[in-house]
Amino acid sequence: MSYLHTFGAHVPTRIVANAELAAELGCAPEWIESASGIRERRYADGDTVADLAIAAARDCLARAGMEASKLGLIMVSSGSAERRFPGPAATVAAALGLNTTPVLDLPIASAGSIFALSLASQLAVTYGDVLVVASEKMSSVIQGAARDQNTAILFGDGAGAALVSSRPSRIEIVDSVLHTDGANREDLSLDWGGPLRMNGRTVILQATRKLPAVIQEVLQRSGLVAAEVKQFVMHQANQNLIMKVARTLEVDASLMFSNIAKYGNTSSASMLIAASEWEPSPGYTVFAGFGAGFNWGALLARVA
Amino acid sequence: MSGDNSYMRDRLLKVLQQVTSQPVTIGDEDSLFESGLLDSFALPDLVAGVENEFSFRVPDSDLNPRKFDSIARIEAYISEHVQ
């Protein structure tokens, strides 16, 4: 049995509003918002993926009132890390003053945080307290000579974190489900130094099918239905996608936590940034994510 | 065009009109996306509409926008999957 203790987040201070981006891209600010639900996003400028991750990790530990030395494992997901190796997890551990605590990097964009949370819920039983961090500097991969309007409007920078433990807390992790299908791996990809490639139509078509399905799968395993869920905290990919998932599940749109208007799509970081602003209320909450790979998954939590 | 094909086409056009909320006046081979009739978020509704109307499930492996990019392609796909 594992539990979610606290969340944390860090977003850069520089705000890039739709008006600024629209002027660069030659489109209307209103179009950006209607196509995505995004009003502004943050750009990290000089900070690295690891810098953002460290700030989110510290925020999470501060909220938990916990010293880093108590951690048994650190997991860091990022699809936009600057180096092949070592990944940002080693830098995070070093910044926290740790020199023996094992770390794992998960180079999984978008769904990285749901994968990390699910794995942490299993590993916490063996390793003790697990700090999950998801950090992305998407501005570095969407800014370039060949700027694609369809991706440039979506992405922002930021990091989120979660503390997962076998020690009881108010939020029990009941179950989780993860899936991968590599058939569409070329439809959302990023090579080193290359532009982000996204076939948006395929991504949305697949996500609108797979996200509700995996949410229903994790609920069904516990004998639950979507109507019994108090809140859904999903990867903040696109507001229109989040609303489509709500309609498919036949749940009220108000149950879908959303902060995408403020931060844009921060890839794997988005679900944990959302979680850091989510106010748990008694009942079931489902976390879910979908992204490059395609990887997707859902986690069922029960709030006491 | 046989009577069966004509009937199937009428049902498909009805689905398209419901999804796009506008008259479908493009040619069979014209791209539904390039014509502006469909966008990324209307496409899942079209697939769901086809599934409901023709009572079959489009498998995840067939969730490829190219298969649904024109009336002709959708007709061909439905013909392959509906007896």
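Trainee: Let me start with a single residue. Leaving aside its neighbours within four places in sequence, which residues is Thr208(A) in contact with?

Mentor: In this predicted model, Thr208(A) touches Leu241(A), Lys244(A) and Thr248(A), and also Pro44(B) from the other chain. Thr208(A) sits in helix H8 of chain A.

Trainee: Is Thr208(A) buried or exposed?

Mentor: The way to read this is to count neighbours: a residue is buried if 20 or more other C-beta atoms lie within 10 Å of its own. Thr208(A) has 25 such neighbours, so Thr208(A) counts as buried. You can also look along the chain: Ala246(A) is 38 residues away from Thr208(A) in sequence, and their C-alpha atoms are separated by 10.0 Å.

Trainee: How should I read two helices that pack together?

Mentor: Two packed helices are described by the angle between their axes and the distance between the axes. Take H8(A) and helix H9 (residues 239–249) of chain A: their axes come within 9 Å and cross at roughly 45°. These two helices are therefore oblique to each other, and H8(A) passes H9(A) in a right-handed crossing.

Trainee: Which residues of H8(A) and H9(A) meet there?

Mentor: An α-helix has 3.6 residues a turn, so residues three or four places apart point the same way. Here H8(A) brings Ile204(A), Ala207(A), Thr208(A), Leu211(A), Pro212(A) and Ile215(A). From H9(A) come Leu241(A), Lys244(A), Val245(A), Thr248(A) and Leu249(A). Sorted by class, this contact has eight nonpolar, two polar and one charged residues.

Trainee: Pro44(B) was on your list for Thr208(A). How do the axes of H8(A) and helix H2 of chain B cross?

Mentor: Helix H8 covers residues 200–220 of chain A, and helix H2 covers residues 43–54 of chain B. Their axes come within 9 Å and cross at roughly 50°, so H8(A) and H2(B) are oblique to each other. The crossing is right-handed. On the H8(A) side you will find Arg201(A), Ile204(A), Leu205(A) and Thr208(A), and on the H2(B) side Leu43(B), Pro44(B) and Val47(B). By class, this contact has five nonpolar, one polar and one charged residues.

Trainee: What does the whole contact between the chains take from each chain?

Mentor: Eleven residues come from chain A and ten residues from chain B. On the chain A side, the elements that give two or more residues are H8 and H9. H8(A) supplies the largest share, eight residues. By class, the chain A side has three nonpolar, five polar and three charged residues.

Trainee: What domains does the assignment give for chain A?

Mentor: The domain assignment gives domain 1 (2–165) and domain 2 (171–303). Taken over C-alpha atoms, 16 Å separate their centres. Their contact takes 49 residues from domain 1 and 43 residues from domain 2. Several elements give two or more residues to the domain 1 side, including strand E1 (2–10), helix H5 (112–127) and strand E6 (130–137) of chain A. The largest share of that side, seven residues, comes from H5(A). The residues of that side divide into 22 nonpolar, 20 polar and seven charged.

Trainee: Could we try a strand residue? Where does Val233(A) lie?

Mentor: Val233(A) is in strand E11 (residues 229–234) of chain A. With 27 C-beta neighbours inside 10 Å, Val233(A) counts as buried. Leaving aside neighbours within four places in sequence, its contacts include Phe257(A), Met271(A), Ala274(A) and Trp278(A). Val233(A) and Ala274(A) are 41 residues apart in sequence and 6.9 Å apart in space, C-alpha to C-alpha.

Trainee: Last topic, the backbone. Which peptide bonds are cis?

Mentor: One of them runs from Phe85(A) to Pro86(A), with omega near -10°; Pro86(A) lies in the loop between E4 and H4 of chain A. Another runs from Gly293(A) to Phe294(A), with omega near -5°. Phe294(A) is in the loop between strand E13 (283–291) and strand E14 (295–303) of chain A.

Trainee: What is phi for Ser267(A) and for Ser55(B)?

Mentor: Ser267(A) has a positive phi near 50°, and Ser55(B) has a positive phi near 55°. Ser267(A) counts as buried, with 36 C-beta neighbours inside 10 Å, whereas Ser55(B), with 8, counts as exposed. Ser55(B) is found in the loop between H2 and helix H3 (71–81) of chain B.

Terms used. Residues numbered from 1 in each chain as written. Chains lettered and ligands numbered in written order. Predicted model: local features only at pLDDT ≥ 70, side-chain atom pairs only at ≥ 80, totals over all residues. Axes fitted to C-alpha atoms, helices over the stretch in contact; angles between N-to-C directions. Helix = DSSP H or I, 4+ residues; strand = E, 2+ residues; numbered from the N terminus. Parallel < 35°, antiparallel > 145°, perpendicular 65-115°, else oblique. Left-handed = near helix turned anticlockwise from the far one by under 90°. Contact = placed C-beta atoms within 7 Å. Nonpolar A, V, L, I, M, F, W, Y, C, P; charged D, E, K, R; others polar. Domains from an automatic or database assignment. Buried ≥ 20, exposed ≤ 12 C-beta atoms within 10 Å, placed from the backbone.
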